[in-house]
Amino acid sequence: MIGELSFYGLYMPWLMPLALGALGVLWGLRRLLAATGLYRHIWHPALFDVALYVLLLYGLSRAAYFLQTGSL
């Protein structure tokens, strides 16, 4: 069974806080990429942002799984 998180009586799936965390990291990375000018070298920035978000969400979910079970 997929676990749930209780936030002041509001039950939500674990994917929701992970998705919000990945979104926060993505916002920071987008600002960093824009400030350094690396977006000039990216062919399709919107597609790059979606791919980066999916990778961040996957990484956070694997890290949460590792912390929960203690094994890879």
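**Figure 1. Asp 49, a buried residue of helix α2.** In this predicted model, Asp 49 has a relative accessible area of 13%, and because that value is under 20%, the residue counts as buried. Asp 49 belongs to helix α2, the element that spans residues 45-69. Which residues does Asp 49 touch, once its neighbours within four places in sequence are left aside? The contacts are with Leu 26, Arg 30 and Tyr 39. If you are following along in your viewer, these three make a good selection to show beside Asp 49.

**Figure 2. Arg 62, further along the same helix.** Arg 62 also sits in α2, within the range 45-69. Is Arg 62 buried, exposed or partly exposed? With a relative accessible area of 36%, Arg 62 is partly exposed, because the value falls between the 20% and 50% cut-offs. For a sense of scale, take Ala 34, which is 28 residues away from Arg 62 along the chain. The C-alpha atoms of the two residues are 28 Å apart.

**Figure 3. The largest pocket and its lining.** How much space does the largest pocket hold? Its volume comes to about 210 Å³. Around this space you will find Gly 3, Trp 14, Leu 15, Leu 18, Ser 61, Ala 64, Tyr 65 and Gln 68. Helices α1 (15-36) and α2 each contribute at least two of the lining residues. Helix α2 gives the largest share, with four residues. Sorted by class, the lining comprises five nonpolar and three polar residues, and no charged ones.

**Figure 4. The hairpin of β1 and β2.** Here the view turns to the two strands, β1 (residues 4-7) and β2 (residues 10-13). How many bridges join them, and in which sense do they pair? The pairing is antiparallel and runs over four bridges. Within this pairing, Leu 5 stands opposite Met 12 of β2. Two residues lie between the strands, and the whole forms a hairpin.

**Figure 5. Tyr 8 in the turn.** Tyr 8 is part of the loop that links β1 and β2. What is the phi of Tyr 8? The angle is positive, at about 55°, even though Tyr 8 is not a glycine. Do check this one in your own backbone plot: it is the Tyr 8 in the turn of the hairpin. Tyr 8 has a relative accessible area of 80%, and because this is over 50%, Tyr 8 counts as exposed.

How values were computed: Residues numbered from 1 in each chain as written. Predicted model: local features only at pLDDT ≥ 70, side-chain atom pairs only at ≥ 80, totals over all residues. Heavy atoms only, no water. Buried < 20%, exposed > 50% of the residue type's maximum accessible area, 1.4 Å probe, protein only. Contact = heavy atoms within 4.5 Å. 1 Å grid on protein atoms, 1.4 Å probe; cavity = no way out; pocket = protein on both sides within 12 Å on 5 of 7 lines; lining within 4 Å. Points joined across faces, edges and corners; volume = space filled by probe spheres on them. Nonpolar A, V, L, I, M, F, W, Y, C, P; charged D, E, K, R; others polar. Pairing = 2+ DSSP bridges.
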